[in-house]
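Please work through the exercises below with the sequence and the model open beside you. Each task is followed by a solution that proceeds step by step.

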Amino acid sequence: MAKTRTAILISGRGSNMAALIDAAEAADFPAEIALVLSNRPDAAGLAKARQRGVDTAVIDHRKFNDRATFEAALNRALSEGKIELVCLAGFMRLLTADFVDSWRNRLINIHPSILPAFKGLQTHERAIAAGVRIHGATAHFVRVTMDEGPVIVQGAVPVLPSDTAESLGERILAVEHRIYPIALALVAGRKARVVSEKVVVEQDGAHAGDALIVPLNA
Ligand code: GRF
């Protein structure tokens, strides 16, 4: 089967982007990372993508009068790159309903919490403040409402009494780097289908839609 031509949209350091590119280097990975797009010219992830030999483009949102014209430019770049699937990886622009709907079930995101808990920003601070015992990350299909959409893969770690937002965030980031490639492989490989707004996974291998629990000493 031909590899699914995939773009990654970033705004910053691009560690999830790098994890996806590295995973996609495997011969049997069903996605090819054909393009990395940043809305910020100074995103550190751009250099990481170039080092890995991936095409990059910058579409600076500040040069557009409104979201619609910014997104039209995004869509032009995506269609020039013959992109079939889009991964958001720390992309810090809200997307319009038109854009999200036009990429329905071909647009995925990684969020640093076990959704639907802790939507939005500062998830690690809020998890600690709430006193939850586990916290984690979610790879999901994107819907118009921010941080909503069918869950593809989730991973969890314990919250330790000694945790700060930083220490917890570091462990969660490692979880993100594990689950996002799994989610991309499921979607690009057509193993994850959305049925009644839930993801059904058709695959026999490891992590087939299972929760990924990362133990304390992992
Ligand atoms: C990650 O924590 C991701 O879950 C969130 O933004 C952060 C991006 O980090 N959406 P990076 O750019 O992938 O390193």
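**Exercise 1: the surroundings of α1**

Task: In this predicted model, establish which elements the buried residues of α1 pack against, and whether α1 is enclosed or open to the outside.

Solution: Begin with the partners, for the buried residues of α1 pack against the strands β1 (4-10), β2 (31-38), β4 (85-88) and β5 (107-111), and also against the helices α2 (45-51) and α6 (165-188). Next, identify the residues that make up this buried set, which are Ser-15, Asn-16, Met-17, Ala-18, Ala-19, Leu-20, Ile-21 and Ala-24, where buried stands for under 20% relative accessible area. Finally, set this against the length of the helix: 8 of the 10 residues of α1 (residues 15-24) are buried, and therefore the helix is largely enclosed by the rest of the structure.

**Exercise 2: the overall fold**

Task: Decide how the radius of gyration of the protein relates to that of a compact globule, and describe the contacts and the surface.

Solution: Start from the inventory, in which the protein has 6 helices and 10 strands. For 218 residues, a compact globule would have a radius of gyration near 17 Å, and because the protein has 17 Å, the two agree. The C-alpha trace spans about 50 × 40 × 35 Å along its principal axes, and 48% of the 218 residues count as buried. Turning to the contacts with a separation of 6 or more, 63% are accounted for by residues 24 or more positions apart. The accessible surface comes to about 10,700 Å², of which 53% belongs to carbon and sulfur atoms.

Notes:
Residues numbered from 1 in each chain as written. Predicted model: local features only at pLDDT ≥ 70, side-chain atom pairs only at ≥ 80, totals over all residues. Heavy atoms only, no water. Helix = DSSP H or I, 4+ residues; strand = E, 2+ residues; numbered from the N terminus. Rg over C-alpha atoms; globule rule 2.2 N^0.38 Å. Buried < 20%, exposed > 50% of the residue type's maximum accessible area, 1.4 Å probe, protein only. Contact = heavy atoms within 4.5 Å. Areas by Shrake-Rupley, 256 points an atom, 1.4 Å probe, with all protein chains shown as cover.
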